[in-house]
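Open the model in your viewer and follow the stops below in order. Each stop says what to select and what is there.

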Amino acid sequence: MQFEFTGNPISNISSDVVAVFAFQSEKDKKEKYTPLEDFKKIDKDLNKKISKALEVSGFSGKRGEFLDYFPEGKILSKWIVVIGLGKKSEFDPNDLRRVLGKSVSHLKGKVDSLALSIPSKELRLEPDFAAQLIAEGLLLGYYQFNKYKTEKDKKRELSSVIFSNKGDAKKEKVGVEKAKVATDATIMARDLVNEQSAVATPTFLADLALSIAKKDPKHITCKVFSRDEAKKMGMDAFLGIARAAQTPPKFIFLQYRPDKIKKKEKLALVGKGITFDSGGINVKTGDHMSDMKMDMSGAAVVLSVFSVITRIKPDYPVIGLIAATANMISGNSLVPGDVVKAMNGKTIEILNTDAEGRVTLADSLSFAVKEGATKIIDLATLTGAVLVALGTDISALFSNDRKLAEQIKESAKRAGEKVWEMPLEKDYREMNKSEVADVANIPSSRYGGTITAALFLQEFIGKKKWAHLDIAGPAFSSKASDIGPKGGTGHGVRTILNLLSL
Ligand code: BES
Ligand code: ZN
Ligand code: ZN
C-alpha cells in the first residue's frame, strides 16, 4: 500500500473511491448526521445529490456505518463512500482507526485506489496522529493469514491511498511513517501467533531473533542459550517445563544499544514463549487446548518490537528475553509434587503443570534482574481467569511503580489497545504458599487467579520497577474485529512501541 500526498481537492483526484466523513448527530438535533467539511464540499459540487441520497437511505452517521454513492460526472471518482464516525461528543481517536479498518471489508477486492482528506482539525487531532490512525486502520484492516490456503485471494488490492491535504503534508507524512512501523510490527506478531506450533518452534523463534540482530548488528545483538547453557545458568524452572517437549528449548536474549545513551535506564521486555500449551500432565481438555499455539503471544510482541526498534531508536538500552519451549506430555514430564529451582535460587512446587507460564517466567525475570535491568515489563498469556475478569478485549496491567503504570496506560490508549489495571494485593500472597517449597505454582483458591499469578511473578523481580500485562484475552481473537480477522491480534505491540517513543 502506497501513501501519496497531493494539494488537489478530492473532487479533482481520479481514484476508484473517495471517502468522506460524517458524525452522527447528538440526540437533540433534527438532522440525523453532521457532515464534515470535505463531505459538504463534494456534496455542493454535486448539487446536494449525496445528502439527498443519504436522506432516502436513512444514513445516520453511526460509527462504522457506510453509504455508497455513485456520482455521474462533475467529480473524477466514480464512487463516494460516506463513513459514519459516531457522535462527536463520544468520539475517541481510536474510532478513526477502527472505521478505516472496517472500511477495508467494505472496499476489499473492489478498488485499487482510495482518496480522502484527513479531517484532523475537525476531529481535534494533531495532523500526524490523524494520518497515523487512518493509515494504521487501513494497513491492519487488510491483514490476512493465508499462508496455508491453496487458493489465494486474487481480488484487487488497495495499492494506493491518496491524501488530499491543506498544507499539513509534512506532519502527515511523519504520521504515515509511524503507522508503517506500528503495523509492520503488529503484522509480524500476528503472523507469528497464527503460525502452527510445528513451525513456530523454540528454534524457529531463536533463529528469527538472530536474524533480527543480523540486520543491524551495530545496535542489536542476540544470544541464544541452549538447554545445556541454560542449565549452567541455573534455569531449572524453565527447563523443568521444557523436559517433555520434543523440540529443544531455547532461551533468547536480545540486546538493543543506542548510539548515544541518554537515559540511565535499562528496560527489559520479557515475553511468555510457550509455543504450545497442552497443559502437560494436567492435560487441557476439549476446547481449552485448541488455540494454544497462541501461548507465545508475549514472545511474539517482544520479537516484533525488536524487529522495528532501530526505527524508533529509544535513547536507552533495551533487552528482550524469551524462555521458549512447548509444554508437552511424556513419561519425562514434570508431575504435581515436583520441586524446581529458579535462577534466583527460589524453589517452586509444581502443583499443576498447566500453570507453566509463570514457572518459565520465573527464570526470564530472574535473568532480567541479573542483567541489571532497571525496569521490567513482561507480556504473557498467563491466565484463563483474566478472561473471566475482563473479557476477551482487555488485558490486565499490574505494576509496582505508579509512573510506569501510568505511562503504559497512556501508551495503550494511544495504541487503541485496551488495558485495565488490577491490584497486587498483598493479602493474597499467602495463597501462593507451598508446604514444601518457597512458593507454589498454583494458588490455594481458584478465585482471583489473575492476581495470584501476578503475585507469583513478583517473587522473581526483586525490588525492580516492573509491570506485568496478562494478555490472554486480547492476544487471540475468536471473532473478526474492525482492524483484523480472527486469530492473532498483535495486542501489546503498539503499546510497547508507544512507550519506547516517550
Ligand atoms: N496459557 C494458559 C492461559 C490461557 C488460557 C491463555 C486461555 C489463553 C487463553 C496458562 O498456561 C494456563 O493454562 N493457566 C491456567 C492456570 C491454572 C492451572 C492455575 C488457567 O488459567 O487455567
Ligand atoms: Zn497452561
Ligand atoms: Zn500457558
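The tour of this predicted model goes from a sheet to the helices on it and then to the cavities.

**The sheet.** Select the eight strands that form an open sheet, in the order 8-9-11-10-14-18-15-16. The pairing in this sheet is mixed. At the edges are strand 8 (220–225) and strand 16 (418–421), each of which pairs on one side only. On average, neighbouring strands are turned by 20 degrees against each other, direction ignored.

**One strand pair.** Now select residues 267–277, strand 10, and residues 375–380, strand 14; five bridges join them in the parallel sense. To see one bridge, show L269 and its partner I377 in strand 14.

**Two helices on the sheet.** Add residues 297–312 for helix 9, which lies across strands 8, 9, 10, 11 and 14. Helix 9 runs at about 135 degrees to strand 10. Next add helix 14, residues 493–501, which packs on the sheet and touches strands 10, 11 and 14. The direction of helix 14 makes about 165 degrees with that of strand 14.

**The cavities.** How many cavities of 30 Å³ or more does the structure hold? There are two.

- For the largest, with about 50 Å³ of space, select G240, I241, A244, G280, N327, M328, S333, L334 and T353. Four of these lining residues are nonpolar, five polar and none charged.
- For the second largest, with about 30 Å³, select A189, V193, S297, A300, V301, A475, T489, G490 and H491. Helix 9, already on display, gives the largest share of this lining, three residues. Helix 5 (169–194) also gives two or more residues. By class, the lining has five nonpolar, four polar and no charged residues.

Notes
Residues are numbered from 1 along each chain as its sequence is written. Chains are lettered from A and ligands numbered from 1 in the order in which they are written. This is a predicted model: local features need pLDDT of at least 70, side-chain atom pairs count only at pLDDT 80 or more; totals for chains, interfaces and linings use all residues. Side-chain values use heavy atoms; hydrogens and water are left out. Two strands pair if DSSP finds at least two bridges between them. Helices (H or I, at least four residues) and strands (E, at least two) are DSSP runs, numbered from the N terminus. Axes are lines fitted to C-alpha atoms, for helices over the stretch in contact, and angles run from 0 to 180 degrees between N-to-C directions. Contact means heavy atoms within 4.5 Å. On a 1 Å grid over the protein atoms alone, a cavity is a set of points where a 1.4 Å probe fits but cannot get out, and a pocket is an open set with protein on both sides within 12 Å along at least five of seven lines; lining residues have an atom within 4 Å of a point. Grid points are joined across faces, edges and corners, and a volume is the space filled by probe spheres set on the points. Ala, Val, Leu, Ile, Met, Phe, Trp, Tyr, Cys and Pro count as nonpolar, Asp, Glu, Lys and Arg as charged, and the others, Gly among them, as polar.
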